[in-house]
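The following exercises ask the student to read a protein structure step by step. Each task is followed by a worked solution.

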Amino acid sequence: MAWTGMRIAPTLGDPAPNLVDAERLRTSFSWAHARAELGTPPGDRLNIAWEAVDRQVQEGRGDVIALRWLGKNDERQEFSYAELARLSNRFANVLEGFGIERADRVCVLAGRIPELYLTALGCWKAGAVFCPLFSAFGPEPVRVRLNNSQARLLVTTRLLYERKIRALRSQLPHLEQVLLTDGDGGDEPGVQSFHSLLAAAADHRPLPTTGPGDAALLHFTSGTTGASKGAIHAHEAVVAHRLTGCWALDLRPGDIYWCTADPGWVTGVSYGIIAPLTNAVTLVVDEAEFDARRWYATLAQERVSVWYTAPTAIRMLMKAGPTPLHGHDLSTLRFMASVGEPLNPEAVLWGQETLGQPFHDTWWQTETGAIMIANYRSLEVRPGSMGRPLPGIEAAIVRRRPTGGVERLANGKEGELALRIPWPSLFRGYLDDEERYRSCFADDWYLSGDLATQDDDGYFWFVGRADDVIKTAGHLIGPFEVENVLMEHPAVAEAGMIGKPDEFAGNIIKAFVALKPGYAASDALRKELIGFARTRLGPAVAPRELEFMADLPKTRSGKIMRRLLRARELGQPLDDLSTLMEKPSES
Ligand code: 6R9
């Protein structure tokens with residue numbers, strides 16, 4: 001059912017797509033109207049957690065299962081909307097007991113466990129800022145993010161605490177409290193049990209008092225230069241999460257929805273917590289890692305109706321062949337979508353042939369907060385295209401003018417993908433980096449850093465990144481973090497990182513290293529350097545391949561020219577290399 005200026009009320013059995021007439025909505029829709037549908041009384045307040053759980057309780061869905069958790073050892077745990085409302089109240093009360101105040105950051109370092117979801121909701125109710133840290137990060141990315149976020153409180157597991165935090169505690173001056181989800185703190189000061197505190201807390205709280213512009217989320221993401229950047233989102237983002245979940249993922253109350261993304265990254269929060277709960281679905285969370293057999297079994301046994309996943313996973317399923325699918329009835333699956341990396345046409349068609357429907361590609365970024373461009377259900381899928389902008393979103397292909405401002409390019413021309421500001425989930429800043437934030441905008445456009453084209457029918461086609469960040473298995477990795485760690489090894493004089501195209505992961509991280517005098521390249525040293533990086537960075541961020549070079553190519557000002565390393569890796573002729581050297585990002 002279309003948006004009519006009143007709250008959307010799609011029903012499960014309706015054969016029509018939620019976004020039935022995008023063209024009409026493009027002209028009549030306004031974010032202000034959509035915002036007016038949400039809010040806690042009095043109407044100028046807005047809170048993500050209240051919209052996600054308490055509103056559902058208020059509207060009579062308290063007994064509906066909100067979260068169905070599947071443990072990696074086949075445990076199951078279910079939470080109704082009413083239980084999530086009550087437990088998140090409790091956790092907000094726990095936070096208040098520690099003196100956590102509005103805008104204070106609370107980090108979580110954990111896999112997909114129920115406590116992560118309670119922490120997120122409790123943070124929002126308390127007015128704190130939820131900041132997830134990917135559990136497969138090694139101690140170095142964790143240290144940098146904990147320090148930059150200035151988090152006062154961390155929720156984590158005993159194992160992760162012991163492996164990644166305890167030894168760093170003296171280097172984390174802001175971190176006052178650690179709550180362990182599976183144990184008590186023993187005698188260690190500043191470490192307590194999450195569950196003991198939760199059990200002792202009160203069920204009730206007054207209505208949240210946050211306003212739409214109050215900070216709610218901090219997501220660390222990567223750029224070409226410098227350490228990772230903390231993108232800040234406000235409570236108002238929930239307006240976009242809810243509507244884009246309804247339009248691009250076709251979510252309806254009663255759906256059983258599985259988002260395979262980890263909440264350590266933006267998709268796992270925007271579409272792994274907020275969009276599904278605000279659309280009153282049952283959210284399936286699987287703690288286990290990818291396994292083709294398990295995934296098909298989950299889709300069938302949980303009767304998943306909407307599935308949001310990623311190209312790397314789809315390519316792994318394609319690789320696994322038809323055998324793991326045998327005997328599984330996927331007839332409840334109504335809609336499948338993908339995000340995070342280019343979705344190759346073969347993967348879209350494989351969905352059609354093997355699962356009876358195409359994967360619907362969607363495009364967005366940490367900074368945009370929510371899906372901007374999508375192959376929504378009422379749009380004809382063009383395999384290889386990211387789709388068209390959602391209502392309320394205007395996208396264009398532009399070129400930055402050297403004198404400032406941007407120029408729109410004609411259809412078919414390659415340029416930077418830009419979005420006209422504002423929309424509710426647009427990030428509100430990079431933590432402590434106003435200049436960098438400002439550099440993302442020109443005229444009234446947000447510049448994405450992605451290169452793309454637009455065709456005559458308004459579909460957008462991804463070309464690549466304009467900078468040096470890398471998507472590997474859907475994870476966005478910046479070169480600085482990897483190169484910096486390699487440079488800490490006594491043998492390394494220079495290090496450069498690139499993405500090497502890979503059939504499954506999209507790219508793998510490959511490092512090039514020049515050694516200091518007195519060190520000789522050898523297989524043993526290569527293994528040592530990869531191991532050194534893995535221990536510090538964690539397996540998701542560390543290079544998988546490493547090659548020695550006498551010298552790395554550099555600009556006159558001494559910056560490593562990653563584009564030349566990439567061209568060398570791809571065997572591009574030297575003629576092309578000279579033009580690559582002119583690219584502004586290398587100067
Ligand atoms: C949500 C998320 C953002 C970058 C983005 C682009 C790449 C995302 C894509 C896609 C091709 C798609 N990306 N969706 N590339 N087709 N459908 O992934 O956020 O981690 O910030 O990454 O991912 O390069 O700029 P984030």
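**Exercise 1. Determine how far an oxygen atom of the ligand is from an N or O atom in the side chain of Gln365, and describe the surroundings of the ligand.**

Step 1. The distance from an oxygen atom of the ligand to an N or O atom in the side chain of Gln365 is 2.8 Å. This is a predicted model, in which local features need pLDDT of at least 70 and side-chain atom pairs count only at pLDDT 80 or more, while totals for chains, interfaces and linings use all residues. Residues are numbered from 1 along each chain as its sequence is written, and side-chain values use heavy atoms, with hydrogens and water left out.

Step 2. Apply the criterion for a polar contact: a pair of N or O atoms within 3.5 Å; within protein, one must be able to donate a hydrogen and the other to accept it, and residues adjacent in sequence count only if both atoms are side-chain atoms. For the side chain of Thr366, the distance from an N or O atom to an oxygen atom of the ligand is 2.6 Å. For Asp450, a polar side-chain atom is placed 2.9 Å from an oxygen atom of the ligand.

Step 3. Consider the cover. On its own the ligand has 540 Å² of accessible area, and the protein covers 97% of this. Such areas come from the Shrake-Rupley method with a 1.4 Å probe; for residues, only the protein chains shown count as cover.

Step 4. Assign the shell to elements. Helix 10 (266-278), strand 14 (360-363) and strand 23 (460-465) are the elements that give two or more residues to the shell around the ligand. Strand 14 gives the most, with 3 residues. Helices (H or I, at least four residues) and strands (E, at least two) are DSSP runs, numbered from the N terminus.

Step 5. Count the shell. The ligand is surrounded by 18 residues, and the closest are Thr362, Gln365, Thr366, Arg465 and Lys471. A residue is near the ligand if one of its heavy atoms lies within 4 Å of it. By class, the shell has 8 nonpolar, 5 polar and 5 charged residues. Here Ala, Val, Leu, Ile, Met, Phe, Trp, Tyr, Cys and Pro count as nonpolar, Asp, Glu, Lys and Arg as charged, and the others, Gly among them, as polar.

**Exercise 2. State whether Ser88 is buried or exposed, and name its contacts.**

Step 1. Ser88 belongs to helix 4 (residues 81-97). Its relative accessible area is 0%, so Ser88 is buried (buried means under 20%, exposed over 50%, partly exposed in between, with a 1.4 Å probe and protein chains only).

Step 2. The side chain of Ser88 reaches two backbone oxygens: that of Leu84 at 2.6 Å and that of Ala85 at 3.1 Å.

Step 3. Not counting residues up to four places away in sequence, Ser88 touches Val53, Leu121, Gly122 and Lys125, where contact means heavy atoms within 4.5 Å.

Step 4. Turn to Val53, which is located in helix 3 (residues 48-61). Val53 counts as buried because its relative accessibility is 0%. With the same exclusion of sequence neighbours, the residues that Val53 touches include Tyr81, Leu84, Ser88 and Leu277.

**Exercise 3. Which residues of the largest nonpolar core touch the most other members?**

Step 1. A nonpolar core is a set of buried Ala, Val, Leu, Ile, Met, Phe, Trp, Tyr and Cys residues joined through side-chain atoms within 4.5 Å.

Step 2. The largest such core has 104 residues, and Trp124, Tyr257 and Tyr308 touch the most other members. Another core lies apart from it, with 49 residues, among them Cys107, Leu160, Leu525 and Ile530.

**Exercise 4. Describe the backbone at Pro422, Gln150 and Ala473.**

Step 1. The peptide bond from Ile421 to Pro422 is cis, and its omega is near -5°. Pro422 sits in the loop between strand 19 (415-420) and strand 20 (429-430).

Step 2. Gln150, a residue other than glycine, has a positive phi near 55°. Gln150 is in the loop between helix 6 (139-149) and strand 5 (153-156). A relative accessible area of 36% makes Gln150 partly exposed.

Step 3. Ala473 is not a glycine, yet its phi is positive, at about 50°. Ala473 is in the loop between strand 24 (470-472) and strand 25 (475-477), and is partly exposed at 33% relative accessible area.
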